[in-house]
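Welcome! Here is a short briefing to help you find your way around a structure you have not met before. Take a look at it first, and then read on topic by topic.

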Amino acid sequence: MTIYIEEETTKVEELHLHYKEIIERVIEASIDYENCPYEVEIEVILTDNPSIQEINQQHRGIDSPTDVLSFPMIDYQIPSDFSHLEDDSEDYFNPETGELLLGDIVISVEKVIEQAQKYGHSRERELAFLVAHSMLHLFGYDHIKESEREKMEKKQEEILKILGIER
């Protein structure tokens, strides 16, 4: 498994966490939880509100900062259905490593800090929640419909519970 973590802001120091370890643990737990049969490659970018606002505007047409953005590399018909990936291996796998190119995650460190305080839990929990949430998007889940939202929320909480990161 290859996890690239890029720090595009000095605000990461304000987290006062072993954030790389948290990110890696949540990614690994999410992969196991969804029974992904492949080694994966993921990029995580830690940024600030102005930068994530710009990305949000470019990709979603929303001119405001958000907490996390997910950029899946896989076209799923059914979330976490990996059965078709080897048919299009040139589209989904890194030819040098053979790892599944799962996608990219962009997190606003400022939002992690703000939302942890707003919701009354630790920064560790907020960061872990955002990574778990984004990982589910990378596996093809969404929360547009109420039933989808409930399913995602349940999965997010179960992943965090496995890690012992609860409210």
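E114 and K111 sit together in helix 4, which spans residues 109-119, and they are three residues apart, about one turn of the helix. The two form a salt bridge, with 3.6 Å between the closest N and O atoms. Please keep in mind that this is a predicted model.

**Salt bridges within a helix**

- In the helix 4 pair, E114 counts as partly exposed because its relative accessibility is 38%.
- Its partner K111 has a relative accessible area of 17%, so K111 is buried.
- Helix 6 holds a pair of this kind too: E158 and K154 both lie in this helix, four residues apart, which is about one turn.
- E158 and K154 form a salt bridge in which the closest N and O atoms are 3.2 Å apart.
- E158 is partly exposed, since its relative accessibility is 26%, while K154 is exposed, because its relative accessible area is 53%.
- Salt bridges with shared partners also link E146, R149 and E153 into one network.

**A salt bridge across the sequence**

- How many salt bridges does the structure hold? There are eight.
- One of the salt bridges joins K155 and E34, whose closest N and O atoms are 3.1 Å apart.
- K155 belongs to helix 6 and E34 to the loop between helix 1 and strand 2, so this pair ties together parts that lie 121 residues apart in sequence.
- Are K155 and E34 buried or exposed? Both K155 and E34 are buried.

**Where helix 4 meets helix 5**

- The axes of helix 4 and helix 5 come within 8 Å of each other, and they cross at roughly 115°.
- Helix 4 is therefore roughly perpendicular to helix 5.
- The crossing of helix 4 past helix 5 is right-handed.
- On the helix 4 side, the residues in contact are V112, I113, Q115, A116 and Y119, and they meet R123, E126, L127 and L130 of helix 5.
- Sorted by class, this contact between helix 4 and helix 5 has six nonpolar residues, one polar residue and two charged residues.

**Where helix 5 meets helix 6**

- Helix 5 covers residues 123-138 and helix 6 covers residues 146-163; their axes come within 9 Å and cross at roughly 130°.
- How do the two helices lie, then? Helix 5 and helix 6 are oblique to each other, because their crossing angle is neither in the range of 65 to 115 degrees that counts as roughly perpendicular nor over 145.
- Helix 5 passes helix 6 in a right-handed crossing.
- From helix 5, the residues R125, A128, F129, A132, H133, L136 and H137 take part in the contact, and from helix 6 they meet M152, K155, Q156, E157, I159 and L160.
- By class, the contact of helix 5 with helix 6 is made up of seven nonpolar, three polar and three charged residues.
- K155 is worth a second look: this residue is part of the contact with helix 5, and K155 also forms the salt bridge with E34.

**Two loop residues with positive phi**

- Which phi value does H16 have? The phi of H16 is near 55°, a positive value in a residue that is not a glycine.
- H16 is found in the loop that runs between strand 1 (2-7) and helix 1 (19-33).
- The relative accessible area of H16 is 67%, so H16 is exposed.
- N35 is not a glycine either, and N35 has a positive phi of about 55°.
- The place of N35 is in the loop between helix 1 and strand 2 (40-47).
- N35 counts as exposed because its relative accessible area is 60%, whereas E34 is buried.

**A residue in helix 1**

- E24 lies in helix 1.
- With a relative accessibility of 33%, E24 falls between the cut-offs of 20% and 50%, so E24 counts as partly exposed.
- Leaving aside residues up to four places away in sequence, E24 touches I3 and I5.
- How many residues separate E24 and M1 in sequence? E24 and M1 are 23 residues apart in sequence, and in space their C-alpha atoms are 10.0 Å apart.

Key: Residues numbered from 1 in each chain as written. Predicted model: local features only at pLDDT ≥ 70, side-chain atom pairs only at ≥ 80, totals over all residues. Heavy atoms only, no water. Buried < 20%, exposed > 50% of the residue type's maximum accessible area, 1.4 Å probe, protein only. Axes fitted to C-alpha atoms, helices over the stretch in contact; angles between N-to-C directions. Parallel < 35°, antiparallel > 145°, perpendicular 65-115°, else oblique. Left-handed = near helix turned anticlockwise from the far one by under 90°. Contact = heavy atoms within 4.5 Å. Nonpolar A, V, L, I, M, F, W, Y, C, P; charged D, E, K, R; others polar. Salt bridge = Lys/Arg side-chain N within 4 Å of Asp/Glu carboxyl O.
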